[in-house]
Amino acid sequence: MEKKKVVIIGGGITGLATAYYLQKEIKEQALPIEVNLFEASDRFGGVIQTAKKDGFIIEKGPDSILARKASALKLIKEVGLEDKVVSNTAGKSYIYARGRIHSMPEGAFMGIPTQVTPFALSGLFSPLGKLRAAGDFILPRGKEKSDQSLGEFFRRRLGNEIVDNLIDPLLSGIYAGDIDRLSLMSLFPMFYQMEQKHRSLVFGLKKTMPAPPKSAKKIPSKKGMFISLSTGLEALVDEVVKRLDEGTVRKGSPVDKIIKEQGSYKITFADGRVESADSVVITTEHIHAQKMLSDYPFMDTFDDMPSYSVANVAMAFPKSAIKQDIEGTGFLVSRNSDFRITACTWTHKKWPGTTPKDMALLRCYVGKPDDQAAVDLSDEEIINIALRDLNKTMNITEKPMFHVITRWKKAMPQYNVGHLERIKNVKESLAKELPGVFLAGGSYEGVGIPDCIDQGEAAVKKVLAFLK
């Protein structure tokens with residue numbers, strides 16, 4: 001039987017998971033399929049990148065994986081890293097708003113109250129803001145819509161203060177986007193469905209979230225909702241790469257163009273080299289996918305999909321440098337504050353194993369949607385911005401012992417209103433015009449590490465179904 005060839009473009013976690021699970025299926029089913037993965041840069045892992053310095057473990061990209069999403073833990077176990085899994089320390093988190101730092105109200109689910117008292121007592125909101133949020137109990141359900149922005153939806157239900165001081169900081173920390181443009185149906189369709197079914201979001205959450213048994217004595221857990229690896233998340237990348245068949249993955253191989261040619265696909269690389277493939281899985285950001293498939297007008301829909309930049313600023317201090325220590329794991333920043341950082345994680349408290357004894361590791365972010373210029377400032381300017389903002393809450397009197405700044409350019413794809421429809425149309429056009437070419441990764445159906453692994457596994461199933 002003639003051997004089929006699959007090319008995977010992109011060596012981030014999506015591409016690596018695709019290659020790993022595809023090669024696994026090929027071996028288990030003795031399939032006549034050859035797999036090759038090509039990565040444009042000089043390293044694998046995409047935004048997953050870990051630095052180690054003077055006993056510190058510093059994540060330059062994501063620092064955690066949502067534990068309840070099973071695909072990442074499954075892959076971690078498959079590559080022999082289960083004994084390295086650590087959970088984050090559960091602790092208070094805060095929001096800087098209205099000129100000072102406030103505890104996150106208890107009973108908030110993505111910023112929506114499930115308990116009235118903590119919200120009523122919180123200093124995050126003015127009396128009028130609290131009264132407006134109570135409108136959720138009496139407002140009618142919204143009109144049926146195919147999509148709308150998160151901001152439009154939550155402002156109508158809960159008012160501007162809840163959105164600007166709580167929901168927006170929470171979601172900006174995940175998506176680095178503009179809540180008044182991000183798509184409700186792409187990111188949180190359950191809230192739309194909850195409103196349609198229960199009318200009130202608060203009532204809906206109370207009915208859908210399981211209540212703890214009344215007889216059970218509540219023992220606070222020291223474990224949070226996230227996991228990581230004690231050796232850093234890049235260890236997952238390294239272990240997956242080690243398990244891929246020798247000679248099947250290559251770095252420093254940027255692809256210029258993909259075209260359909262006589263029943264197969266011609267892949268032209270930047271150095272002029274040409275490969276052919278029966279099936280192609282593109283796991284790069286949509287910007288690069290669009291360039292590779294520039295001969296196909298249906299890819300022009302991605303002109304309407306922006307990507308934002310963000311800078312990750314890690315700073316190491318002796319604990320003694322923090323004159324006003326706060327018990328917790330970090331804080332988010334409301335959009336109405338005068339801060340230029342968007343968040344700060346107290347990494348030494350959230351992930352104690354990352355930091356030597358008596359040392360502190362702070363991780364801040366700059367690069368709001370309306371402050372993209374901050375990402376291109378010099379290291380010194382970015383450090384000064386971070387220290388100026390931190391001094392308002394923590395009174396840090398020293399310069400950091402060292403810093404690690406990572407600028408992720410156009411690395412945060414924005415799922416703006418209409419995203420689901422855009423992706424649906426592109427995938428339908430691919431199936432019609434370029435059968436056997438598939439898109440997977442953070443630009444399409446989920447930005448988190450587990451979401452990307454899920455998309456890689458789904459791509460494997462599509463490839464095998466196509467090649468049968």
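The exercises below, each with a worked solution, concern a predicted model.

**Exercise 1.** Determine how strands β13, β14 and β15 are connected, and which residues stand opposite one another.

*Solution.* Begin with β13 (residues 255–261) and β14 (residues 264–269), which pair in the antiparallel sense over six bridges. Within this pairing, Ile259 has Lys266 of β14 as its bridge partner. The two strands form a hairpin with two residues between them, and in its turn Gln262 has a positive phi of about 50 degrees. Next, follow β14 to β15 (residues 274–277), where the pairing is again antiparallel and runs over four bridges. Here Tyr265 stands opposite Ala277 of β15. This hairpin has four residues between its strands, and Gly272 in the turn has a positive phi of about 95 degrees.

**Exercise 2.** Work out what span helix α15 should have, and state which of its residues are buried.

*Solution.* Helix α15 covers residues 449–467, that is 19 residues, and the expected span is 1.5 Å times one less than that number. The result is 27 Å, which agrees with the 27 Å between the end C-alpha atoms. For burial, apply the cut-off of under 20% relative accessible area. The buried residues of α15 include Ile449, Cys452, Ile453, Gly456, Val460, Val463, Leu464 and Leu467.

**Exercise 3.** Classify Phe109 as buried, partly exposed or exposed, and say which surface patch includes Phe109.

*Solution.* First locate Phe109, which lies in strand β9 (residues 108–109). Its relative accessibility is 31%, and therefore Phe109 counts as partly exposed. Finally, Phe109 joins Met190 and Met209 in making a nonpolar surface patch of about 230 Å².

Conventions
Residues are numbered from 1 along each chain as its sequence is written. This is a predicted model: local features need pLDDT of at least 70, side-chain atom pairs count only at pLDDT 80 or more; totals for chains, interfaces and linings use all residues. Side-chain values use heavy atoms; hydrogens and water are left out. Patches are made of residues with over 30% relative accessible area and no salt bridge: like charges are joined within 9 Å, nonpolar side chains (Val, Leu, Ile, Met, Phe, Trp, Tyr) within 5 Å. Accessible areas come from the Shrake-Rupley method with a 1.4 Å probe; for residues, only the protein chains shown count as cover. A salt bridge is a side-chain nitrogen of Lys or Arg within 4 Å of a carboxyl oxygen of Asp or Glu. Buried means under 20% relative accessible area, exposed over 50%, partly exposed in between (1.4 Å probe, protein chains only). Two strands pair if DSSP finds at least two bridges between them.
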